[in-house]
Amino acid sequence: MKLKQLEGLLGGLTQFSDPKVELEQYATGPHIASRMLYTAENSFDDIAGKVVADFGCGCGTLAVASALLDAEHVAGIDIDLQSLELAQENATDLELDIDLIQCDIKNLNLKGLLVDTVVMNPPFGTKRKGADMEFLSMGLKVASQAVYSLHKTSTREYIKKAALRNCNAISAEVLCELRYDLPRTYRFHKQKELDIAVDLWRFVPQARDERES
């Protein structure tokens, strides 16, 4: 599938109508989502034929993108039931089979499902400090191949140190810097839209046998 076609399909997805501020629910726009997954597949072969998990899937944008790029199995995980209902609606509209799981990421148990690749747009940690690192830490425990994640560019040095030192990543690489065009979502937002610089990261976890030894 071509990048423009992927972006077009993601642009037609239903997004949050009443996002929850405490969960930092911001839709992952089609421009960023399409480039994130297209890069994962075309530069690293991390999507097609793989088991992919979307952490904090929200309305399912990254999960849908993974399925459109021929992932063998896709799981979308979110704590919020309304988000999962939206994700199911989006998957059904595109006739995609996505396994949706309601769960707090801290308590995740995939019951034997071996995940190759984790994709996520985690909370930035502005409402609950450390939320972004909880997602990253669990992603590196679950994935056998790679974790793709978006984090504010302003936190780049911190993310790299924490991933390598505390989360057992063997490599942490910024693939590109993107502009997160954030429309006014909550009442406390002063501007009509906000342009945030974010990094697209690729983290490689330790081999499973090294983690278990």
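**Figure 1. The span of residues 84–111 in the predicted model**. The C-alpha atoms at the two ends of residues 84–111 are 19 Å apart. Helix makes up 36% of the span and strand 14%; helices are DSSP runs of H or I with at least four residues and strands are runs of E with at least two, numbered from the N terminus. The UniProt record, an unreviewed entry, annotates residues 84–111 as "coiled-coil region". UniProt positions follow the numbering used here, feature names are shortened, and annotations may be inferred rather than shown by experiment. Residues are numbered from 1 along each chain as its sequence is written. In this predicted model, local features need pLDDT of at least 70 and side-chain atom pairs count only at pLDDT 80 or more, while totals for chains, interfaces and linings use all residues, and side-chain values use heavy atoms, with hydrogens and water left out.

**Figure 2. Surroundings of Ala 53 in strand β1**. Strand β1 covers residues 51–55 and includes Ala 53. Ala 53 counts as buried because its relative accessibility is 0% (buried is under 20% relative accessible area, exposed over 50%, partly exposed in between, with a 1.4 Å probe and protein chains only). Leaving aside residues up to four places away in sequence, Ala 53 touches Ala 75, Ile 77, Val 115, Thr 117, Val 118 and Val 119; contact means heavy atoms within 4.5 Å. Val 118 is 65 residues from Ala 53 along the chain, and their C-alpha atoms are separated by 4.8 Å.

**Figure 3. Packing of helix α2 on helix α3**. Helix α2 (residues 30–44) and helix α3 (residues 61–68) pack at about 45°, their axes 10 Å apart. This angle makes α2 oblique to α3. Axes are lines fitted to C-alpha atoms, for helices over the stretch in contact, and angles run from 0 to 180 degrees between N-to-C directions. Angles under 35 degrees count as roughly parallel, over 145 as roughly antiparallel, 65 to 115 as roughly perpendicular and the rest as oblique. On the α2 side, Ala 33, Met 36 and Leu 37 meet Thr 61, Leu 62, Ala 65 and Ser 66 of α3.

**Figure 4. Packing of helix α1 on helix α3**. Helix α1 (residues 3–11) packs with α3 at an angle of about 140°, and the axes are 10 Å apart. That angle makes α1 oblique to α3. Leu 6, Leu 9 and Leu 10 of α1 make the contact with Thr 61, Val 64, Ala 65 and Leu 68 of α3.
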